[in-house]
Each structure stands twice: as structure tokens, then as C-alpha cells.
Amino acid sequence: MKTQRDPAAGDTRTDHDLVYAARDGDTIAFDALFYRYRDGIFRLGLAITKDPSAAEEIVVDTFARAHRALARLEPDDSLRPWLYRVAVNLSYNRRPRKGLILSSLDEAVDEALANEDGSPSHVAEQAELRRLVLGAVDELGPKHRLVVVLHYMNGLNLTEIAEVVDCPVGTVKSRLHYALRRLRTHLAAHPELGIEPSRPIMATELRVPKQITAAVPIEGE
Amino acid sequence: MRVFSRGCESRQAAYLAWADRPEAAERVALEAHAASCVECADALRYGRRMDVALRGAFAPIRERRTIIAPGRVRLAVGPRARAATNPWLRAPRFFGRLAEVSVMVGVTLFAVGSSMDFSTHQPASTSPRSSVPGSLHVQQPVGDIDYVRWFRLVKADVSSIVLDPTRLPFGGRFDYDPVEIVRDLGASPR
């Protein structure tokens with residue numbers, strides 16, 4: 001896909017500098033922030049709402065909130081966790097439009113697959129595998145699905161995900177671990193993916209504690 | 001009695017070895033542990049496959065872009081936010097609004113004040129008295145039917161009622177001839 005050249009894409013200033021410049025009325029600085037994060041927020045909104053129009057509205061709403069909150073924003077390093085958190089909240093609060101049949105997450109890749117190189121059979125095979133994986137991701141619960149989407153689609157590391165979902169890193173690890181195990185169980189039904197089901201945890205005999213043979217002092221003796 | 005073990009404690013770390021990207025030392029330690037632990041070796045192997053499958057599945061979406069321009073954000077925010085950054089731009093609007101409100105209040109006070117005519121008030125003694133309040137001085141029954149009967153039976157003090165002469169026709173007579181009903185003429189209409 002051809003990428004559009006953004007007028008503010010070459011801005012090398014940090015998010016912190018851009019926020020302070022935008023606070024002083026520098027619209028180019030705000031545009032630079034917009035171009036830096038719009039695609040990521042769009043993809044995040046698309047993954048949650050499965051509606052491209054809604055995802056675009058989420059991008060606009062997220063940056064509108066950022067614009068209103070410029071006076072309060074104090075990004076230490078990156079504005080991305082704050083923006084993504086707002087986008088996630090907006091995505092989950094958005095009700096689906098009436099009469100709109102939401103597609104599965106895998107249908108969002110059709111446009112990209114059409115441009116893929118290779119023989120038609122190979123493209124179809126790859127598309128089928130992707131469809132299986134994304135279908136399994138769709139079946140996860142919202143918390144686990146969000147962690148998977150943020151990591152594998154938006155490329156956030158576990159610490160950044162913890163900031164976005166506002167919970168400890170250990171919780172993020174636990175959710176991702178659970179999600180991977182669930183996905184493995186789902187995908188094991190398709191041998192073409194080469195994934196086997198996880199080994200069942202074997203029941204073990206309870207070890208009976210050894211009898212205490214040492215003399216126990218009795219009170220009063 | 002049989003209990004179910006929770007599995008190896010390192011299994012989560014083994015699953016997330018590709019996502020969490022641990023440091024070299026941690027990774028070497030994990031692989032060394034996996035060499036002797038079947039569960040962790042299994043998690044490490046299939047964690048890698050899951051990672052590859054998920055990254056491959058999300059790859060087309062990761063390249064997806066949008067062409068929204070920042071102008072849409074400015075439209076969504078509106079001119080209000082731009083004015084909020086500069087207090088001097090807010091001053092003319094504030095004074096304009098203040099003038100509007102002052103004119104509104106002035107016009108309302110004028111309209112209300114001019115509609116009040118204090119000379120139209122009449123003394124209360126000339127207004128006709130109703131017999132109903134006098135009847136209600138007596139304790140009324142609680143039930144609906146009893147109340148209606150009681151209300152009809154209680155007679156008001158008629159002598160105290162001042163009739164309004166303007167409501168009656170002149171001279172106590174109606175100004176048209178009342179219809180007289182002729183009864184028993186003694187003859188058949190035929």
C-alpha cells in the first residue's frame with residue numbers, strides 16, 4: 001500500500017516538546033502528533049469496533065480530547081499510552097450503529113490480501129490461515145483480546161500495555177498467557193497450523209505427610 | 001485423594017518468552033530450565049509458533065492506514081478551543097454577551113412593570129360570597145358517597161348571601177315570554 005507523505009511526519013521533536021508547543025498555539029506541533037499516532041489509533045479502533053467509519057470517528061474524538069486536555073497533559077516520554085487509553089475507552093463505549101452488520105476481525109484484511117504477491121492458491125491458503133487465527137482471537141474475552149491486539153497488532157510492549165489498560169504488568173502477562181493458551185486450544189483443531197493442544201495437567205496422588213514420630217511435650221509434664 | 005497440580009511456575013514465562021523479550025541471562029536460564037522440564041519446553045516451542053501465527057495474521061491489518069486530516073479534529077474541537085488559548089480573544093465576546101443579557105433583563109422588567117395596574121384592585125367586601133366555604137366548616141364524612149350526600153344536605157346560610165343584581169333580568173322578570181305548557185284542554189287534538 002502506498003503511504004501518504006505527511007507534512008508533519010518529519011518532525012523529530014519528542015511528544016513532550018510537541019505537547020508544550022501545541023499548548024502555546026503551535027498547530028503544526030499538534031498536526032505532527034496527529035500524524036504520528038493516527039494510524040495506530042485507527043487500527044486499534046478498527047480491531048475493537050470492526051467498523052472503519054467508527055474507527056475514523058474514534059481517531060477524531062481521541063485527538064479532540066487530547067486538544068482539550070493539552071493544558072493538563074504532562075507526557076514523560078510518549079503520549080501513546082494516554083492516547084491509546086482514550087481510544088480504547090471510546091471504542092468500548094461506542095455502540096454499534098443500527099442496521100450495521102459487524103464483520104469479523106479477519107474481514108478487515110481482505111483489502112490488504114488483494115495486494116499480496118504470490119500465486120492465487122498461496123494467497124488463498126495464507127488468507128485461510130489468517131482467518132482461522134483471527135477468528136480464534138475474536139472468540140477471546142474483551143480483556144484478553146485487547147491485550148493480544150495491543151501487542152501483536154499495535155506493537156506495544158507489555159509495560160506500555162499495562163499503562164494503556166491501567167493495571168500492573170503482572171496482570172498483563174497473566175492475561176496474555178491465558179489468551180495464548182486459549183488460542184492454542186482453539187487452533188489445535190486445525191492441523192495445518194502445526195499447533196498441538198497443550199499437555200493436560202496430570203492429576204497426582206496426594207502425598208500423605210509422614211507421621212510425626214518425635215515425642216511431643218505435653219503441657220503439665 | 002487426587003489433586004491437580006498447577007504446573008510449572010516458569011510455564012508463563014516460557015509462553016511469553018517471545019512476547020516479553022527477556023534479557024539474555026533470563027532467556028538462557030529459561031532454556032536451561034526447559035531442557036529438564038517437559039511443560040516449559042512445550043510452552044517455549046508452541047509459544048514461538050503462536051507468536052509467529054499471530055504476527056502473520058495481524059500483519060495485513062498492521063499496514064492499514066487512514067487518510068484523515070487534522071482539519072477534522074479542528075472542526076470537531078471548534079473555534080471555542082482556539083479562543084480559550086488566548087484570553088484577549090474572549091474579552092469582546094464576553095462584553096457582547098453581557099450587553100445582550102443587560103438588554104434582555106431591561107426589556108423583561110419594562111414589560112412586566114408596565115403590565116401591572118394597581119388601580120384595578122377592588123375591595124374584598126363587594127365580591128360575591130360563596131356558600132361552599134361555610135358548608136365546609138362542618139367536618140365532612142370520609143366516604144365518597146356519604147360526602148356527596150352530606151354536601152347536598154348541608155344547607156348554606158342563604159340570608160348572608162348577597163345576590164348580584166346585575167346577574168338577574170331587569171325587574172326580576174325574564175326579558176322574553178316563558179313558554180306556557182297548556183294541559184288538559186278537554187278536547188282531543190283530532
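This dialogue walks through chains A and B of a predicted model.

Visitor: What ground rules apply to the numbering and the values?

Guide: Residues count from 1 along each chain as its sequence is written, and chains are lettered from A, ligands numbered from 1, in the order in which they are written. The model is predicted, with local features needing pLDDT of at least 70, side-chain atom pairs counting only at pLDDT 80 or more, and totals for chains, interfaces and linings using all residues; side-chain values use heavy atoms and leave out hydrogens and water.

Visitor: How many helices and strands does chain A have?

Guide: Helices and strands are DSSP runs, numbered from the N terminus: H or I with at least four residues for a helix, E with at least two for a strand. Chain A has nine helices and one strand. Its order along the sequence is α-α-α-α-α-α-α-α-α-β.

Visitor: And what is the pattern of chain B?

Guide: Chain B also holds nine helices and one strand. Here the pattern reads β-α-α-α-α-α-α-α-α-α.

Visitor: What share of each chain is buried?

Guide: Buried means under 20% relative accessible area, exposed means over 50%, and partly exposed lies in between (1.4 Å probe, protein chains only). In chain A, 44% of the 221 residues are buried. In chain B, the share is 18% of 190 residues.

Visitor: What surface does each chain expose?

Guide: Accessible areas come from the Shrake-Rupley method with a 1.4 Å probe; for residues, only the protein chains shown count as cover. Chain A exposes about 12,500 Å², with 51% supplied by carbon and sulfur atoms. For chain B the area is about 15,500 Å², and carbon and sulfur atoms supply 60%.

Visitor: How do I read contacts by sequence separation?

Guide: A contact means heavy atoms within 4.5 Å. Take the contacts in chain A with a separation of 6 or more: 61% join residues 24 or more positions apart. In chain B, 45% of contacts between residues at least 6 apart join residues at least 24 apart.

Visitor: At what angle do α7 and α9 of chain A pack?

Guide: Axes are lines fitted to C-alpha atoms, for helices over the stretch in contact, and angles run from 0 to 180 degrees between N-to-C directions. Under 35 degrees is roughly parallel, over 145 roughly antiparallel, 65 to 115 roughly perpendicular, and the rest oblique. Helix α7 (residues 142-153) and helix α9 (residues 169-187) of chain A pack at about 95°, with axes 9 Å apart. So α7(A) and α9(A) are roughly perpendicular. From α7(A), the contact uses A:Lys143, A:His144, A:Val147, A:Val148 and A:Tyr152. The α9(A) side includes A:Val172, A:Arg175 and A:Leu176.

Visitor: Which loop residues have a positive phi?

Guide: A:Lys50 has phi near 60°, a positive value in a non-glycine residue. A:Lys50 sits in the loop between α2 (27-49) and α3 (52-68) of chain A. At 23% relative accessible area, A:Lys50 is partly exposed. A:Asp166 also has a positive phi, near 60°. Its loop runs between α8 (158-165) and α9 of chain A. A:Asp166 is exposed, at 62% relative accessibility.

Visitor: Why is there no disulfide between B:Cys37 and B:Cys40?

Guide: A disulfide is a covalent bond between the sulfur atoms of two cysteines. The rule used here asks for a pair of cysteine sulfur atoms within 2.5 Å. The sulfur of B:Cys37 has its closest cysteine sulfur in B:Cys40, 3.6 Å away, which is too far for a bond. Over all chains, the count is zero disulfides. B:Cys37 is buried at 14% relative accessible area, and B:Cys40 is buried at 0%.
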